[in-house]
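Please open the model in a viewer and keep the sequence panel visible. The tour proceeds by selections, each followed by a description of what is found there.

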Amino acid sequence: GDILDDYSRTDGVWILTRNKQFYETNNEKECADKCEAERNFTCRAFLFTRKKLQCLTLAENAKMTVTFASTDTVLYEKIIYLMQCKRGIGTDYRGTEAKTQRGIPCQKWAEKMPHKPNYTPEKHPNAGLEENYCRNPDADENGPWCYTTDPAMRFDYCAIPECEDQCMQCNGEDYHGEVSRTESGLECQRWDVQEPHMHGFILKHYPEKDLKMNYCRNPDGELRPWCFTTNPNKRWEYCNIPRCTTPPPVSGLDSQCLSGRGVDYRGRIAITESGNACQHWNTQFPHKHGWVPDRYPCKGLEGNYCRNPDGEKKPWCYTTNSNIRWEYCTIPPCDRTEQGIAGMNNVPVQAPLTEECYRGKGQSYRGTTSVTVSGKKCQAWSSMFPHRHIKTPERFPDADLRDNYCRNPDGDSSPWCFTTDPNTIWEYCKLKRCNDHAQE
């Protein structure tokens, strides 16, 4: 790739630095070469002036010193020195964390007290052993560490968070990394091309989903990131993205009361509006379901508390009454205005919520399955690509035609969807009929 891809660019900025070296170069790439080859100090950034074609390699970056405006100057900072997170076991971590996970300050790598180090800047010149910053010169599986300033503790590990573009939180809906192979090793197809597989997942229809290059993404609420493959015989496959070890982001401040649809509700109400006790999310009795806590780690599916994992009208739960599969819960609103709106919209809905099965013809199915019987991805109902159609959310307002979830708006024999394969207009979905009498 381009050498400048390893740098973050800022126009019109100059930084004040003591350690610098002047060079005459013709362009930014030549200046980057000088930075890579710098032996007088660790080059963390460089300045390039277009008019004078002047190149300054720098020991500091904007995080370490003062910046000020300067026309015609471009600052390039090495991304690796700006990152305060680690990728994998962190052998390339070059951040400035300088205390251990217990809060003990680190000993400088060049010092001999209170501990005589085995790893020194002289012995390991490429390991980034500067100052007293946490590093991983020996590829320790537990990540970056340092010698401590406590005589009773020779070394300890540092609490460096993982870079989220290298791992996934939750179900990877916000994954923006650059993994571009599937779990079986197939190369991913670019999102902006239609070969070997034509599809409807294009940037214009999914502007928020970061469908760049051929990187694995999760634009449709799957269990984890996936991609179409470059193998004509394998339409799509999941990607093997490791789960982040750092905990997922916490819910909002209003999570103890009902705000909006209550997607962020994390309170402890565990009874439905008609008085039925809620079934525990991690059990399959009396009702079998697909909302398993391990599969959806960021939906707050703990205990038997009311939740809204699928964007329904308000929080709900499966009930412990074998005759009533699920019901909404009564959650106190965060303000009176929302309470009034909730009251106006409190129309009884007879459809079961997210189920992995359907009843009757499936007209009441409100699950999140978006795959057909042959494994094809569903086209979004609001999209006209690759298939133009009249089954739109506006024409069928009661059919819950959300995203690309399987539905039955026209009374067909079971839930179906238009597919993202231009050669197949529609197919029935990969769903089973509910066994209503199984528990009896």
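Helices and strands are here DSSP runs, of at least four residues for a helix (H or I) and at least two for a strand (E), numbered from the N terminus. The model on display is predicted.

**The whole chain.** Begin with everything selected. The protein has 440 residues, 46% of them buried, and contains 3 helices and 15 strands. Along the principal axes, its C-alpha atoms fill a box of roughly 75 × 55 × 45 Å. The accessible surface amounts to about 22,900 Å², and carbon and sulfur atoms contribute 49% of that area. Among contacts with a separation of 6 or more, 62% link residues 24 or more positions apart.

**The annotated domains.** Next, select residues 84-163, 166-244, 256-334 and 356-434, which an unreviewed UniProt entry annotates as "domain: Kringle". Start with the span 84-163: helix accounts for 0% of it and strand for 8%, and its end C-alpha atoms are 8 Å apart. Then move to residues 356-434, where helix is again 0% and strand is 13%. The end C-alpha atoms of residues 356-434 are separated by 8 Å.

**Strand 5 and its partners.** Now select strand 5, residues 67-78. Which strand pairs with strand 5 over 8 bridges? The partner is strand 1, residues 7-15, and the pairing is antiparallel. Within this pairing, display Tyr7, which stands opposite Lys78 of strand 5. Add strand 3, residues 45-49, which also runs antiparallel to strand 5 and is joined to it by 5 bridges. Here Phe46 faces Tyr76 of strand 5 as its opposite residue. While viewing the strands, recall that in a regular strand the side chains alternate between the two faces of the sheet.

**A nonpolar patch.** Select Leu16, Val66 and Phe68 and switch on the surface. Together these residues form a nonpolar surface patch of about 280 Å². Val66 belongs to the loop that links strand 4 (54-58) with strand 5.

**Val263.** Finally, centre the view on Val263, in the loop between strand 9 (236-238) and strand 10 (316-318). Is Val263 buried or exposed? Val263 has a relative accessible area of 40% and is therefore partly exposed, since that class lies between the limits of 20% for buried and 50% for exposed. Beyond its neighbours within four places in sequence, Val263 contacts Asn308 and Gly311. As a last step, select Gly303, which is 40 residues from Val263 in sequence, with a C-alpha to C-alpha distance of 17 Å.

Definitions and conventions:
Residues numbered from 1 in each chain as written. Predicted model: local features only at pLDDT ≥ 70, side-chain atom pairs only at ≥ 80, totals over all residues. Heavy atoms only, no water. Patch = residues over 30% accessible without salt bridge, like charges linked within 9 Å, V, L, I, M, F, W, Y side chains within 5 Å. Areas by Shrake-Rupley, 256 points an atom, 1.4 Å probe, with all protein chains shown as cover. Salt bridge = Lys/Arg side-chain N within 4 Å of Asp/Glu carboxyl O. UniProt positions renumbered as here; feature names shortened; annotations may be inferred. Pairing = 2+ DSSP bridges. Buried < 20%, exposed > 50% of the residue type's maximum accessible area, 1.4 Å probe, protein only. Contact = heavy atoms within 4.5 Å.
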